[in-house]
Amino acid sequence: MRLEMQKRQSPSQAMSLLSPVLAIILTLLTGAIMFSLLGFNPGKALYVYFVEPLLDPWSLQELVVKASPLILIAVGLTICYRSNNWNIGAEGQFTIGAICGSVLPIMFPDFQNYAVFPIMLAMGAIGGALFAYIPALLKNRFATNEILTSLMLTYVALLLLDFIVRGPWKDPEGYNFPESRLFHSYAQAPSLFEGGRMHIGALFAVIAAIVVFVLFIRTLKGFEIKVIGETPRAGNFAGFSKERMTVFAFLVSGALTGLAGILEVSGPIGQLRPTISPGYGFTAIIVAFLGRLNPIGAIFAGLLLALSYLGGEAAQVDLGISEKTAKAFQGILLFYVLACDTLIHYRIRIVFSNKTQVKEVA
Amino acid sequence: MRKLFAAAAAVALGLTASLGAQAADKTKVGFVYVGPVGDMGWSYQHDQGRQAIEKKFGDKVETTFVESVSEGPDAERVIEKLARAGNNIIFTTSFGYMNPTLKVAAKYPDVKFEHATGYKRADNVSTYGARFYEGRYILGQIAAKMTKTKTIGYIGATPIPEVVRGINSFMLGAQSIDPELKVKIIWINSWFDPGKEADAAKALIDQGADILVQHTDSAAPLQVAAERGVLGFGQASDQIKFAPKNQLTAIVDHWDEYYISRVQAVMDGTWKSEDTWGGFDKEMVHMAEFTNMPEDVAKMAAETEAKIKSGELHPFKGPIYKQDGTLVVKEGETLDDGTLLGMNWYVKGIDGKVPE
Amino acid sequence: MDFADALLVSIVTASTPLLLAAIGELVVERSGVLNLGVEGMMIMGAVCAFATSLTTGNPYLGILAGILGGAAMSLLFAFLTLGLVANQYATGLALSLLGLGFSGMIGENYVGTPGVKLPTLDIPVLSDLPVVGDALFNQDILFYIAILLVFFVSWLLFKSRWGLILRAVGENHNSAHALGYNVNRVRLYSVLFGGVCSGLSGAYLSLVYTNLWIENMTAGRGWIALALVVFASWLPWRTIAGAYLFGAVLILQFHAQGAGWEVPSQLLSALPYLATIVALVFISRNRTVARVNTPSCLGQSFVPDR
């Protein structure tokens, strides 16, 4: 028995809608089996995991808070990945963006007015972009592979943050604990609903997704990205510069990621600390591909991933399902979504060794 | 396909049937851990405390925990989730949860919060911590008695006041026996990397240390000590299993009594916002058995423990000099808790600077 | 053991797990597949090796279990990316999540239990050599395997017919297919080989490096191994250089701290990463090496047209 793939002549519209549904059904079935084997009521577990977080305004807001940075980073990464620039150092760019954006509220805490927040955002974006520029520069100048440089620079950025909040930037009234002072009110991301944690970062995420989407389908730059990404040689003939594209992709991606960093620090966290990201930069890579390298797709993928985190926590709180189980389940969910996406471009047949028994699956 | 739908329907049925009401008269206790319960260190010991609550109160309590909660933006959501799930008291067990705990506490005035190792309180937020440095004073004394090379290796996670305080207390204990003792310090900049802990341990032994002290979570340094035939101390829990012939003693985090008393207070309606910083006296710090050392050293250690417990001895009793020789605490006085809390300088006799 | 010998032993211990995982991933990437799930395979190898050696008391059975753990994970990856042409980047990352979660579930009962140590195998005479004796000739079997694997992979890729096919598949899967090679079968074996090596690397962590099981104990080593493959420009011998450079800087910065260097420890901790970048910049100035050896089809799925 073996699987046989047959490329469709054009991507199936029906399947691009159906494949997520199929993935969800498969995940639910697997989840039901897995949770019952572990001794939990499967119906209840799945309800707590996938449905409950969507029913309550509080968790809906939290869902958006969790998804916003993932979307913002993933949108930038789509430009990189579509143009064959393998930036996997978003975590580092996020960190540097957060550090650069925090300069004003930490070093000049008395400078308080409405200009502060926009300046912080700008500095965060610039910081992230410049940090992302390093792998781009090394790639262009020395042909140094960006997978390695962007990844290694992430560790350097995390240690730099650690150094800075333990040393020069620690809160003078903080008993020498490794935290910066709390940001004053002008330096905090405005929340969208009174009392909730959902903040202006959600708008940035959506706007970024739309802008990049338009860039892809309506502009010459978008065409250039497509050509360079899909047929580099044709790009050469067309006079597009691969080097300039690398710089462009890294700068935009770094800027959006840096923006996500400063938004996270000025929003949900409210100060600079040694840990500011639960691995957003890496998770966003999954989001980018799950969204099929489409910025609008990244919005849905970001929300799905956020839901899997919230669901995992809810399962721990409400049912006592362990975090490890939740994490494994998250992995399974992602596998199904990725596998089912295949159906958009391919027909799958199961071919049994006996040639007559060909079974059409989808 | 029909089977598929049948299965989906079964799931949906099970779902509606199972959403029954929960017993309302139970006291619900929530915990947030920074590491996995399987870290065998900090979070593991807090979970031991949670299990002690369950054992003590049985049906009267219901405990929940969320593990591996990053100290970044996720913390507030998890704490609030626990509050919304109807927990009556929530223990947030890492320093980085301080501000998130306060933010959530302001929204849920009826829920009691207990934040470990922080310094900010509110009407419904208590803080608690343990004076682990008391144990480290004893480690210092034992190390000074046991070392032959006069060099101690010290592995620190990250230079926060808690760790710096431990180093100082260790050094003061050691100096009470042998003023000439030297300590070499290596920071691994992580609480959680057994491999690096082992590497640091080896480096220290190679540089002449014959006793290892660690302020990181895993038993890896102790295993290295056992392999290389030097002595060491367990951290957070009794790790004698990992080095039966090489662990001298261990500082054991022990939250059972405190957690039980706070849950009891919630049940009785007597819970108040407090700051608890307990050591041997409040049973928050235990010493594992003093072993692999001569009788007289074990006896001395036990005596020191008793003296600290009774208050007769304070590790930070004057005179205490900073590295540069300035007198911080005069003879007959002890260092105040505020200074201890934010300690970021070394006492005289330690080479090197506190990393800043 | 004198100082230099002991120092070398520490460096070898810190580097070997990186080398094991990197040499496996190198073969995977040479065949045109990028598996970002090294961390997940490694941690499964670690927990399987630990649990098995503890239950049976036999560390060699532990190694076998580690291999199986890593291999099982790699087959899952292969099924998705080769069988169902799912995206390799995302699948690899999901594999890491799955591995971290699943290993935690398996390892729950083994927390706080000392493991079984893999014995060292003394090679007579050679192990008495000064300085390098203990580090190179009085090691456990996994170290020897690691070095042999580098020889083997080097031979496989550049001297054997297999290697020619494997590289052809990674270089241009359409041509390889046109020549009649079964692209996905070659890739399946490569991915499996990568899983086996990551499993060995995990076994090294829990049986040699630190003899215990702690959740997430790989602590990012899978990612370093991935970076080292790039560092090596996909050349087997250079993985040794990369792994030992990284390990050496890691260990030496600890020694610098112990000796009382007054440099922020964060900077010292960042040195292994910075050193790798700088070294790669120097190596890759020779552009032809990088261009010739980078598998052109890296990360691209293959589906035969018919």
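**Exercise 1. A nonpolar surface patch**

Identify the helix that gives the most to the nonpolar patch, and state how many residues it supplies.

*Solution.* Helix α6 (residues 116–142) of chain A gives the most, with four residues. Helices and strands are DSSP runs, H or I of at least four residues for helices and E of at least two for strands, numbered from the N terminus. The model is predicted, so local features need pLDDT of at least 70 and side-chain atom pairs count only at pLDDT 80 or more, whereas totals for chains, interfaces and linings use all residues. Residues are numbered from 1 along each chain as its sequence is written, chains are lettered from A and ligands numbered from 1 in the order in which they are written, and side-chain values use heavy atoms, with hydrogens and water left out.

Step 1: list the members. The patch of about 410 Å² is made by A:Ile126, A:Leu130, A:Tyr133, A:Leu137 and A:Leu251. Patches are made of residues with over 30% relative accessible area and no salt bridge; like charges are joined within 9 Å, and nonpolar side chains (Val, Leu, Ile, Met, Phe, Trp, Tyr) within 5 Å. Accessible areas come from the Shrake-Rupley method with a 1.4 Å probe, and for residues only the protein chains shown count as cover.

Step 2: examine one member. A:Leu130 lies in helix α6 of chain A and is exposed, at a relative accessible area of 52%. Here buried means under 20% relative accessible area, exposed over 50%, and partly exposed in between (1.4 Å probe, protein chains only).

**Exercise 2. Salt bridges**

Characterise the salt bridges of A:Lys327, B:Lys103 and B:Glu283 by sequence position and burial.

*Solution.* Step 1: state the rule. A salt bridge is a side-chain nitrogen of Lys or Arg within 4 Å of a carboxyl oxygen of Asp or Glu. Side chains of opposite charge can pair when their charged atoms come close. The count comes to 32 over all chains.

Step 2: take the pair in chain A. A:Lys327 bridges to A:Glu323, with 3.6 Å between the closest N and O atoms. Because the two are four residues apart in helix α14 (residues 323–345) of chain A, about one helical turn separates them. A:Lys327 is buried at 18% relative accessibility, and A:Glu323 is buried at 11%.

Step 3: take the first pair in chain B. B:Lys103 and B:Glu76 form a salt bridge at 3.6 Å, N to O. This pair links distant parts of the chain, 27 residues apart: B:Lys103 is in helix α4 (residues 98–107) and B:Glu76 in helix α3 (residues 74–84), both of chain B. B:Lys103 is partly exposed at 34%, whereas B:Glu76 is buried at 4%. B:Glu76 and B:Lys103 also belong to a network of salt bridges with A:Glu62 and A:Arg197.

Step 4: take B:Glu283 and B:Lys309, which meet in a salt bridge at 3.3 Å, N to O. They lie 26 residues apart and link distant parts of the chain, B:Glu283 being in the loop between β11 (275–278) and β12 (285–287) and B:Lys309 in helix α10 (residues 295–310) of chain B. B:Glu283 is partly exposed at 27%, and B:Lys309 is partly exposed at 40%.

**Exercise 3. The nonpolar cores**

Describe the largest nonpolar core and the surroundings of C:Trp223.

*Solution.* Step 1: the largest core has 230 residues, and A:Tyr81, A:Leu272 and C:Trp223 have the most contacts inside it. A nonpolar core is a set of buried Ala, Val, Leu, Ile, Met, Phe, Trp, Tyr and Cys residues joined through side-chain atoms within 4.5 Å.

Step 2: the largest share of this core, 14 residues, comes from helix α1 (residues 3–30) of chain C.

Step 3: C:Trp223 touches residues of two chains, including A:Ile88, A:Phe282, C:Leu36 and C:Leu93, not counting residues up to four places away in sequence. Contact means heavy atoms within 4.5 Å.

**Exercise 4. C:Ile23 and chain C**

Is C:Ile23 buried or exposed, and which residues does it touch?

*Solution.* Step 1: C:Ile23 is found in helix α1 of chain C and counts as buried at 0% relative accessibility.

Step 2: leaving aside residues up to four places away in sequence, C:Ile23 touches C:Leu149, C:Val150, C:Val153, C:Phe193, C:Cys197, C:Pro236 and C:Thr239. Its C-alpha atom is 9.7 Å from that of C:Arg238, 215 residues apart along the chain.

Step 3: consider the whole chain. Chain C has 13 helices and two strands, and buried residues make up 64% of its 306 residues.
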